[in-house]
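I sat down with this one to look things up and jot notes as I went. Entries follow in the order I made them.

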Amino acid sequence: MLHSQEIEDLLCLVASLDRPALVHQFKTCRAPFPLDFTDDFLQNTPLDRLKHIFVAICMQSTRHPMTPISHAA
């Protein structure tokens, strides 16, 4: 279970991600359940919705992104 500071850090980190970095996080995320998002979904879903989904995944996972990963387009 995440502590309040860890949740705040996670929210700040995810808020700072642009679409390419967030898509990279989705594609490299190790969740305790299967993730199967199509490229079309990741490219066409509103960014705020993707961030919400990613936070939910992170909160259910034991591994969390530590820093935003720069991803050249």
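**Cys29 and its surroundings**

I started at Cys29, which I find in the loop between H2 and H3. A reminder to myself before going on: this is a predicted model.

Is Cys29 buried or partly exposed? I looked up its relative accessible area, which is 21%. Buried would need under 20%, so Cys29 goes down as partly exposed.

Next I asked which residues Cys29 is in contact with, leaving aside its neighbours within four places in sequence. My list reads Leu35, Phe54 and Ile57. For Phe54 I also took the C-alpha separation from Cys29: 9.3 Å, with the two positions 25 residues apart along the chain.

**Helix H2**

I moved back along the chain to H2, residues 19-28. Which of its residues are buried? I noted Ala21, Leu22, Val23, Gln25 and Phe26. What do they pack against? I wrote down two partners, helix H3 (39-44) and helix H4 (47-60).

I also checked the N-terminal end of H2 and found Asp18 capping it. A side-chain oxygen of Asp18 sits 3.0 Å from the backbone nitrogen of Ala21.

**Phenylalanine rings**

How many aromatic pairs does the structure hold? I get three. I took Phe26 and Phe37 to begin with: their ring centres are 5.1 Å apart and their planes are at 75°. Over 60 degrees counts as edge-to-face, so that is how I logged the pair. The two rings come from distant parts of the chain, eleven residues apart, with Phe26 in helix H2 and Phe37 in the loop between H2 and H3.

I compared their exposure too. Phe26 is buried at 5% relative accessibility, whereas Phe37 is partly exposed at 29%.

Phe37 pairs again, with Phe41. Here I have 5.4 Å centre to centre and 15° between the planes, and the pair is stacked. Phe41 is partly exposed, its relative accessible area being 25%.

Putting the rings together, I see a cluster in which ring pairs link Phe26, Phe37, Phe41 and Phe54. Phe54 was already in my notes as a contact of Cys29.

**H1 against H4**

Phe54 turned up once more when I looked at how H1 meets H4. From H1 I listed Ile7, Leu10, Leu11, Val14 and Ala15; from H4, Lys51, Phe54, Val55, Cys58 and Met59.

For the geometry, I noted that the axes of H1 (residues 4-16) and H4 come within 10 Å. They cross at roughly 145°, and I logged the crossing as right-handed.

**Whole chain**

I finished by stepping back. I count four helices and zero strands in the protein chain, and from the N terminus the order is α-α-α-α.

What share of the 73 residues counts as buried? My entry says 29%. The accessible surface comes to about 5200 Å², and 56% of that belongs to carbon and sulfur atoms.

Last, I looked at contacts with a separation of 6 or more. Residues 24 or more positions apart account for 73% of them.

Terms used:
Residues are numbered from 1 along each chain as its sequence is written. This is a predicted model: local features need pLDDT of at least 70, side-chain atom pairs count only at pLDDT 80 or more; totals for chains, interfaces and linings use all residues. Side-chain values use heavy atoms; hydrogens and water are left out. Buried means under 20% relative accessible area, exposed over 50%, partly exposed in between (1.4 Å probe, protein chains only). Helices (H or I, at least four residues) and strands (E, at least two) are DSSP runs, numbered from the N terminus. Contact means heavy atoms within 4.5 Å. A polar contact is a pair of N or O atoms within 3.5 Å; within protein, one must be able to donate a hydrogen and the other to accept it, and residues adjacent in sequence count only if both atoms are side-chain atoms. Accessible areas come from the Shrake-Rupley method with a 1.4 Å probe; for residues, only the protein chains shown count as cover. Rings of Phe, Tyr and Trp (its six-membered ring) pair if their centres lie within 6.5 Å; planes under 30 degrees apart count as stacked, over 60 as edge-to-face and the rest as tilted. Axes are lines fitted to C-alpha atoms, for helices over the stretch in contact, and angles run from 0 to 180 degrees between N-to-C directions. A crossing is left-handed if the near helix is turned anticlockwise from the far one by less than a right angle, and right-handed if clockwise.
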